[in-house]
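Morning, everyone. I'll talk about helix packing and a nonpolar core. Here is the model.

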Amino acid sequence: MEFFAFDKSYVDRPGDGEPSTEQHFVAYFGQILGIMLRARYLSPERVDDIRQETFARVLATLRRDGGIRQPERFGAFVNAVCKNVLRENMWHLYRNQALQLDQLELPDPNKIVDLERELISQETKEKVRRILAEMKPRDRELLRALFLEEKDKDEICREFGVEREYLRVLLYRAMVRFRSTFDLPAANAVGRTSGGAM
Amino acid sequence: MDHQEALRLQAVEKYLLDELTTELRQQFEEHYFDCPECATGVKALGTFVTASRLVSSDEERSPKVSPHAAWAERPGGSTGCNQ
């Protein structure tokens with residue numbers, strides 16, 4: 001988890017064949033591209049294809065003479081390239097499929113869980129396990145209904161007697177707590193869990 | 001969308017809850033790819049949600065393995081960290 005801003009020197013480096021910057025670029029954008037693409041209910045294979053094609057096109061642009069015009073807007077550029085790749089990909093998909101519901105590609109939930117398992121480290125899971133354990137039982141159950149059982153949000157709110165705003169507040173607190181574990185050495189992070197605000 | 005607008009909208013939380021309209025979602029995606037603060041928020045919350053799902057899935061597969069089962073009811077609201 002890192003806080004990162006881009007500038008001209010950063011976007012010039014992959015163009016010069018600098019491998020560590022290229023690796024950083026792939027790691028940094030790989031995660032947010034993945035989140036953005038998975039939100040569109042694409043299969044893991046399709047997410048990976050689109051992501052790889054986005055990387056290839058962005059790196060090819062950086063290596064070309066002139067590179068990109070606004071280095072400080074590098075993130076927006078990556079986003080725009082990905083949206084173009086996504087549009088092309090969807091166009092090919094639907095052109096090659098008769099639009100019948102039984103032929104539409106839907107992600108296999110088991111494959112998604114397997115892919116997620118590869119992306120999340122054991123250390124991260126332990127941090128999350130501790131944060132969940134600090135929460136009130138009702139809040140844990142609420143998150144479980146939301147993200148594991150994937151129940152309808154209005155139904156969850158009715159069942160737990162909360163407003164929609166409460167779901168956002170709960171997520172905000174979890175995010176703040178989770179981020180705080182990355183600002184500290186691992187040993188200190190363990191000690192903080194008993195004093196959590198949630 | 002600028003950062004103040006993203007904060008006012010609670011865009012990170014709404015994005016992960018799939019509560020933004022299509023237009024706002026597009027605007028927020030354009031913004032957070034360029035905004036280190038929002039990108040970090042989206043990554044943190046996205047990772048938290050994914051890891052929560054995995055923790056729960058692991059505990060369902062082997063419910064007796066973890067004595068700190070995160071999703072389990074804890075009478076009295078114990079903080080749950082005995083390490």
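I'll start with conventions, then the core, then two helix contacts.

This is a predicted model: local features need pLDDT of at least 70, side-chain atom pairs count only at pLDDT 80 or more, and totals for chains, interfaces and linings use all residues. Residues are numbered from 1 along each chain as its sequence is written, and chains are lettered from A and ligands numbered from 1 in the order written.

The core first. A nonpolar core here is a set of buried Ala, Val, Leu, Ile, Met, Phe, Trp, Tyr and Cys residues joined through C-beta atoms within 7 Å. Buried means 20 or more other C-beta atoms within 10 Å of the residue's own, with C-beta atoms placed from the backbone. The largest such core has 55 residues. A:Ile32, A:Val78, B:Val42, B:Leu45 and B:Phe48 touch the most other members. Helix α4 of chain B, residues 36-61, gives the most to this core: 10 residues. Helices are DSSP runs of H or I, at least four residues, numbered from the N terminus.

Now the helix contacts. Which helix of chain A packs against α4(B) at about 100°? Helix α9, residues 164-180, with the axes 9 Å apart. Axes are lines fitted to C-alpha atoms over the stretch in contact, and angles run from 0 to 180 degrees between N-to-C directions. So α9(A) is roughly perpendicular to α4(B); that label covers 65 to 115 degrees.

Next, α7(A), residues 137-148. Its axis comes within 10 Å of that of α4(B), crossing at roughly 100°. So α7(A) is also roughly perpendicular to α4(B).

Technical notes. Buried ≥ 20, exposed ≤ 12 C-beta atoms within 10 Å, placed from the backbone. Helix = DSSP H or I, 4+ residues; strand = E, 2+ residues; numbered from the N terminus. Parallel < 35°, antiparallel > 145°, perpendicular 65-115°, else oblique.
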